[in-house]
Amino acid sequence: MKKYLILILASVAMMSSCEKNIELDLPPIDQKVVVEGYVENGLPPYVILSKTEPYFDPIGQNTINNLPVRGALVYISDGIDTVQLTELDTSINGVSLGGFYVALDSITFLPTMIGTPGTTYSLNIITAAGEQLSSIAKLPFPIPLDSTWFKVQEDLDSLGWAWARLADPDTLGNAYRWFAKRLNKDDFFIAPIGSVFEDRFINGRSFNFPYNRGSIQNSEAEEDNNEEADYYKKGDTIVVKFCTIDFATYEFWRDAENQVSSNGSPFAVPSNVKSNITGGRGLFATYTASFDTIIAN
Amino acid sequence: MKYYLLLAIGLFLFSTSVSAQENQKKATISGYVNDSTSGEALIGAAIYIKEMQKGTNANAYGFFSLTLTPGKYTLIVNYIGYREQVLEIDLTADKKLNVDLLPNGIEKKEVVIVADRKDKNVQSTDMGRVELEVDKIKSLPALLGEVDILKTLQLLPGVQNAGEGNSGFYVRGGGPDQNLILLDEGVVYNASHLFGFFSVFNPDAVKNVTLIKGGMPAQYGGRLASVVDISMKDGNQKKFKASGGLGYIASRLTLEGPIVKDKSSFMISGRRTFIDLFLREPFIKSDSRIAGNSYYFYDLNAKVNYTLSPKDRLFLSGYFGRDVFNFKSADTGFKVRIPWGNATTSLRWNHLFNDQLFMNTSLIFNDYKFEFGASQQEFDFKIFSGIRDYNAKIDLNWFPNILHNVKFGGNYIYHRFTPTNAYARSGDVVFDLGKVTRFYAHDASFYVNDEWDVTEKFRVNAGVRVSYFAHIGPFSRYVEDPSFPGKFLDTIDYAQGRKVADYLNAEPRFSMRYELNKSSSVKASFTQNYQYIHIASFGSVSLPTDVWVPSTDKVKPQFGTQYSLGYFKNLKDNMYETSVEVYYKEMKNQIDYEEGATPDGDVRNNPDNNFVFGKGWSYGAEFFVKKTMGKLNGWIGYTLSYTKRKFPDLNQGREFSAKYDRRHDASLVVVYDHSKKWTFGLTWVYATGDALTLPAERYFMSAGPPVNIDQSGQVGVNNNFYILSGFDKRNDFRQKAFHRLDISATLRSQKQRNYETEWVFAVYNFYGRQNPYFIYFDVQGNSQDGNQQVQAKQVSLFSVIPSVTYNFKF
């Protein structure tokens, strides 16, 4: 809604507003550890550790290579077993994935733990510098979509959104995240802005909802910058990865997507993304996925 | 116990008045001061007894009363912009005296802007009280030519603007909800159009504006920071008049005249924007992509009054205003309609019990509504909020003798608050957004106040206000699970009329003046105020979505204490008025939303479940020099101030600057009456930049699990990253300083058969200063090349804006 308030303001501002680059002198920071922890159903848990950096530092290969937190002790427990995650030092597309810890055996590379719905996982980290971080998250049971389809948008010949019908169970506290990719077009599942929702207002109801295609941040691809932006197109094969998520995962992505989309809004109050990590920033996320395929025609 | 003690003090003051009156045989001169051409009451006109070197001021209805020992007196009656009248009176018995003052021609206009007895600045006990005469502010430059009363108030020391072009204001470190804005006694809950760029007060319909920013007398209450008391024109009692104008933003038309000459009159005034008239056929085809988008606002003011008898007069006045915004996306079929606005009605009865006792009784209704409706294909979404009051009020003004001016009365308000409620539907499925939640409350108060000349040099103004507030049912308190927002452990239901929480408080008000000599005085004041209704705002600026909520079992009333001390001196036979005031103010039980709260958290919940509470304080010094006479007049004001907040649950419990903590705030106002034809105006303002929270650090998060495995086993790597911001200290950064020069020139045509016209040419932001409005961050370059960077960009709203406004009168 704020978006439309901004729109009104913008129409006023159009009369004469102007903008210019400014330099801001911010005080030095104490770098904090950033946790990206993942437990997915059927997969071994993994954790990526990095650091925060001063807001206006240039972003490049060097800084990205300096960010990983290497040599940490990372433990995950499912309440019965506790495993230490193995640090992998690999790189993909020239980007170092240092600070990458996986629940795989360091010799056999077989999983030492597998995400099982209904299980509560706890995460404990001790970095080489002695910082201690921890978190707890529950991997929820799957709630698959009833049905999925493609629908052309009014007035548009071949462009439209992906639609789905969900029957929310009659227990409060379910939260969801939507990802989708086009076969042979997208390399990975994309979460459009607004990808998370919870059942506070829809508890126990069945209803239809659409999602747009979304794009990666600052995408320079032509289809993300012309009239096809955010739309699926007739002929697309859309794979939907619909996840039930822990409530803390919902809160983190609600705030994070909000922060990204309201950057600079004069109406927004700047605030931190709500995190379930004690001792640092980031998120210990849980995803239980169910998959659907839509042929757009 | 403390309440009764204070009441006793109040009653004591009261009784001293009575006994003083009984000492000697007395006679009373009383009556009304009016404009001789229109019959409009002259609020605050000065009536001065030369022999006694004492006087009084006409009240809000133009009434005055002086009780003296019989004898011969010289009465001097004056009001700014009017010819002084000197009357010789032989007072033997009670006497009625209505004084009609003749307005000066423009060429004789001596004093601009502020209506005062010439030495009222020094003589009164008022601190931080300013009256604006609306006719006179029209020659000052205005944004897009739209004259705005509230923006003129911002030019006074101690009053800060709420940002570029904004009509909102902050008084002595108080929040925007701490200003009581009254229009003919009706509360105006949201005084702005178009997100604050214009206030709802059509200057053509307004007669008089009084601002009280410190030493609030006991007849006002319910807010911590200030009172803006606005009186609508009564309407010309003598002849029919029309006036109006055409500007960039809006056009205006006002009609007024007698219904029964000298007995009854009416005034009706309208203002409307007209840009939307160009956003439809024939200017834009109905199938155009931008068809269906529009924005407009309008205001309607109307008033009638009737003199029933020499002792009774009735007034009925009303205001109705709306903003309406329509948006339609041609692509997606997304439609939005947002209407919002105020309505107020007041019925008032003036009654004179006798020459010394004046009463006004008012019945007031006011209503503020906001609605947001959106629809797209199968979806419908609506949110709405508002506040509605039924208000009854009785105010008595008793003039027992020339040493006392006693005011007392009572007020009862029944509030109905509608916090943010929502309705949503997808196809035939209605979302469960809970039943409509409302708050209901009783709000009652009594006050007594006496302005008393204790000695020749020493005058006190002392009073007490006793206020009672009760939040009552029907109400459902949702007891939230602290570890799981939105999940309720329990719901406590209160039946209709059952008390949820109540508060009883006494608010002492005291101010005094000690006259050092004829041209200088020192003044001091001490006031305590309670505020029972509040706005907590999600945004950093006031928006029509801001929701008023009452004090409840969770929300304690705001409590403010203010001390101020001032030195006032007039120079060169009152040509210059100067003053220095210092103040210290403490505010308890301040309200804010918890960190990271969003408006949807209020839906199907009690909004106060998302509040956090803390305290605030503000102190400062205000310097003011005003030239009141001559062709060149105006003022310079400067304020040095500090405004802080401390909330245990915000900023990790550390103290922080309020957004509008402004170290320096200065303004210069100059009006030059060049000739009958031309008047020139100039204003310059300077303010320390707003306090602002900037991110301290950034971090990267993959937008989803980096390792992607789909159901066919195909593996992908998510390389979509979000750059997230980490914040540390709240409001720890400053925007660049704000300064701006505006100029105007008014050209008046010569009067031709009662038809007068006026062209106002103005330039806003004359030297094109790019004042900061907000800052945002743009990620530039490519991370693969290693030259990606976050760039801060400052957006300014208005550069140089010229405007022309045409006004007419006949």
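Q: Leaving aside its neighbours within four places in sequence, which residues is I149(B) in contact with?
A: This is a predicted model, so read what follows as computed from it. I149(B) is listed among the residues with the most contacts inside the largest nonpolar core. Leaving aside neighbours within four places in sequence, its contacts are L132(B), V134(B), I137(B), S199(B), F201(B), P203(B), V206(B) and V209(B).

Q: How many residues does the second, separate core have?
A: Nonpolar side chains tend to be buried together in soluble globular proteins. Here the largest nonpolar core has 90 residues, with L153(B), V206(B) and V209(B) also among those with the most contacts inside it. The second core is separate and includes Y46(A), I190(A), Y250(A) and A296(A); its count is 81 residues.

Q: Which strands stand at the edges of the open sheet ordered β4(A)-β44(B)-β47(B)?
A: This is an antiparallel sheet of three strands, with chain A giving β4 and chain B giving β44 and β47. Two bridges join β4(A) to β44(B), residues 695-702. An edge strand has a single partner, so one side of it is left without a neighbour in the sheet; that applies to β4 (53-54) of chain A and β47 (721-727) of chain B.

Q: Which residue in β44(B) does P54(A) stand opposite?
A: β4(A) and β44(B) run antiparallel. Across that pairing, the residue opposite P54(A) is E697(B).

Q: What angle does the direction of helix α3 of chain A make with that of β47(B)?
A: Helix α3(A), residues 247-261, packs on the sheet and touches both β44 and β47 of chain B. Among its buried residues are F247(A), Y250(A), F252(A) and W253(A). Its direction relative to β47(B) comes out at about 90 degrees.

Q: How far apart are the end C-alpha atoms of α3(A)?
A: The helix has 15 residues, and at 1.5 Å a residue it should span 21 Å. The model agrees with that expectation, because the end C-alpha atoms are apart by 21 Å.

Q: How many charged residues are on the side of chain B that touches chain A?
A: The contact takes 79 residues from chain A and 81 residues from chain B. Sorting the chain B side by class gives 44 nonpolar and 28 polar residues, and the charged ones number nine.

Q: Which residue in β52(B) does C18(A) stand opposite?
A: Another pairing across the chains puts β1(A), residues 18-22, with β52(B), residues 789-796. The two are antiparallel, with five bridges between them. Opposite C18(A) is S796(B).

Q: Why is strand β2 of chain A largely enclosed by the rest of the structure?
A: Side chains in a regular strand alternate between the two faces of the sheet. On one side of β2(A), V33(A), V35(A), G37(A) and V39(A) are buried, and on the other so are V34(A), E36(A), Y38(A) and E40(A). The strand, residues 33-40, is largely enclosed because the buried count is eight of the eight residues.

Q: Which residue is the bridge partner of V35(A) in β20(A)?
A: β2(A) pairs with β3(A), residues 46-51, in the antiparallel sense over six bridges, and there V35(A) is partnered by L49(A). With β20(A), residues 281-295, β2(A) runs parallel, joined by seven bridges. In β20(A), the partner of V35(A) is G282(A).

Q: What phi does G42(A) have in the turn between β2(A) and β3(A)?
A: β2(A) and β3(A) form a hairpin, with five residues between the strands. G42(A) sits in that turn, and its phi is positive, at about 85 degrees.

Q: Which strands are at the edges of the chain B sheet ordered β3-β2-β5-β6?
A: This open sheet has four strands with antiparallel pairing. Inside it, β2(B) and β5(B) share four bridges, and I49(B) has L75(B) as its bridge partner. The strands that pair on one side only are β3 (54-57) and β6 (85-91) of chain B.

Q: Is N184(A) buried or exposed?
A: Its place is in the loop between β15 (175-182) and β16 (196-198) of chain A. A residue with 12 or fewer C-beta neighbours within 10 Å is classed as exposed. N184(A) has 8 such neighbours, so it counts as exposed.

How values were computed:
Residues numbered from 1 in each chain as written. Chains lettered and ligands numbered in written order. Predicted model: local features only at pLDDT ≥ 70, side-chain atom pairs only at ≥ 80, totals over all residues. Core = buried A, V, L, I, M, F, W, Y, C linked by C-beta atoms within 7 Å. Buried ≥ 20, exposed ≤ 12 C-beta atoms within 10 Å, placed from the backbone. Contact = placed C-beta atoms within 7 Å. Pairing = 2+ DSSP bridges. Axes fitted to C-alpha atoms, helices over the stretch in contact; angles between N-to-C directions. Nonpolar A, V, L, I, M, F, W, Y, C, P; charged D, E, K, R; others polar. Expected span 1.5 Å × (residues − 1).
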